Amino acid sequence: MNIATTKGQSKSLSLPNILTYARIAAIPVVVGCVYAQSIMDGPLWLRWVALALFIAAAVTDVLDGYYARMWDQQSAFGRMLDPIADKLLVASCLLMLAADNSIHGWTLWAAIVILCREILVSGLREYLAALRVSVPVTRLAKWKTTVQLVAIGFLIAGEAGEQIFSPTTMIGIFLLWTSAIFTIYTGWDYFRAGIHHLIKEDEG
């Protein structure tokens, strides 16, 4: 085994990347718990299990970046995998919540906006990466992500949460719409940056 391979393996197995792997691994368990409770008429405590795992997964999103910077363990692999893990977590939970009617009616449009934005930004990032152009994450985009995760957390709690705090689902829906509004604004920022570089590339 050469030195380059050893370094590549050590970076892919660094703590920040392991936290990202854990976030991805939590997705089927969270979705499975919600599915078992709502679709299969399982006990309500499954919602609390799903919520606890979702919160743990969301926390890893903060910790992996923090440890990567603190221990200088940032890597190209981690920068690629981290946003993918975030999008998988959000998209999977939104689809499951739509399937169990936690998200329904007009609120489905908020989920659609969020999912469409994620696809748009992923495509733009891939295109801009080919041009070696980096689009930094804005503070508003970080707030959008935070509100989005909190909204999904309330919706995962759902009926179980309503037994303790009755407006649980309503708060989740309100925050989801708030996140959708932030999503449109931040998505426009990314789109504008992408179009700017696209026009420059065509003119060149």
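**Internal cavity and surface nonpolar patch**

Helix 2 (15-38) and helix 4 (76-99) each contribute at least two residues to the lining of the largest cavity. The model in which this cavity is found is a predicted one. The count of cavities of 30 Å³ or more comes to 1, and the largest cavity holds about 30 Å³ of space. Its lining consists of V30, V31, V34, C93, M96, L97 and I156. Classified by residue type, this lining comprises 7 nonpolar residues, with no polar and no charged residues. Rolling a probe the size of a water molecule over the atoms shows where empty space is left.

The protein that encloses this space contains 7 helices and 0 strands, and its elements follow the pattern α-α-α-α-α-α-α along the sequence. Of the 204 residues in the protein, 37% are buried.

On the surface, a nonpolar patch is formed by L15, I18, Y66, M70 and W71, which together present about 470 Å² of accessible area. Helix 2 and helix 3 (45-70) are the elements that give two or more residues to this patch. Helix 2 thus appears in both descriptions, as a contributor to the cavity lining and as a contributor to the nonpolar patch.

Within the patch, I18 is located in helix 2. The relative accessible area of I18 is 39%, and this residue is therefore classed as partly exposed, since that class lies between the limits of 20% for buried and 50% for exposed residues.

Note on methods: Residues are numbered from 1 along each chain as its sequence is written. This is a predicted model: local features need pLDDT of at least 70, side-chain atom pairs count only at pLDDT 80 or more; totals for chains, interfaces and linings use all residues. Side-chain values use heavy atoms; hydrogens and water are left out. On a 1 Å grid over the protein atoms alone, a cavity is a set of points where a 1.4 Å probe fits but cannot get out, and a pocket is an open set with protein on both sides within 12 Å along at least five of seven lines; lining residues have an atom within 4 Å of a point. Grid points are joined across faces, edges and corners, and a volume is the space filled by probe spheres set on the points. Helices (H or I, at least four residues) and strands (E, at least two) are DSSP runs, numbered from the N terminus. Ala, Val, Leu, Ile, Met, Phe, Trp, Tyr, Cys and Pro count as nonpolar, Asp, Glu, Lys and Arg as charged, and the others, Gly among them, as polar. Patches are made of residues with over 30% relative accessible area and no salt bridge: like charges are joined within 9 Å, nonpolar side chains (Val, Leu, Ile, Met, Phe, Trp, Tyr) within 5 Å. Accessible areas come from the Shrake-Rupley method with a 1.4 Å probe; for residues, only the protein chains shown count as cover. A salt bridge is a side-chain nitrogen of Lys or Arg within 4 Å of a carboxyl oxygen of Asp or Glu. Buried means under 20% relative accessible area, exposed over 50%, partly exposed in between (1.4 Å probe, protein chains only).
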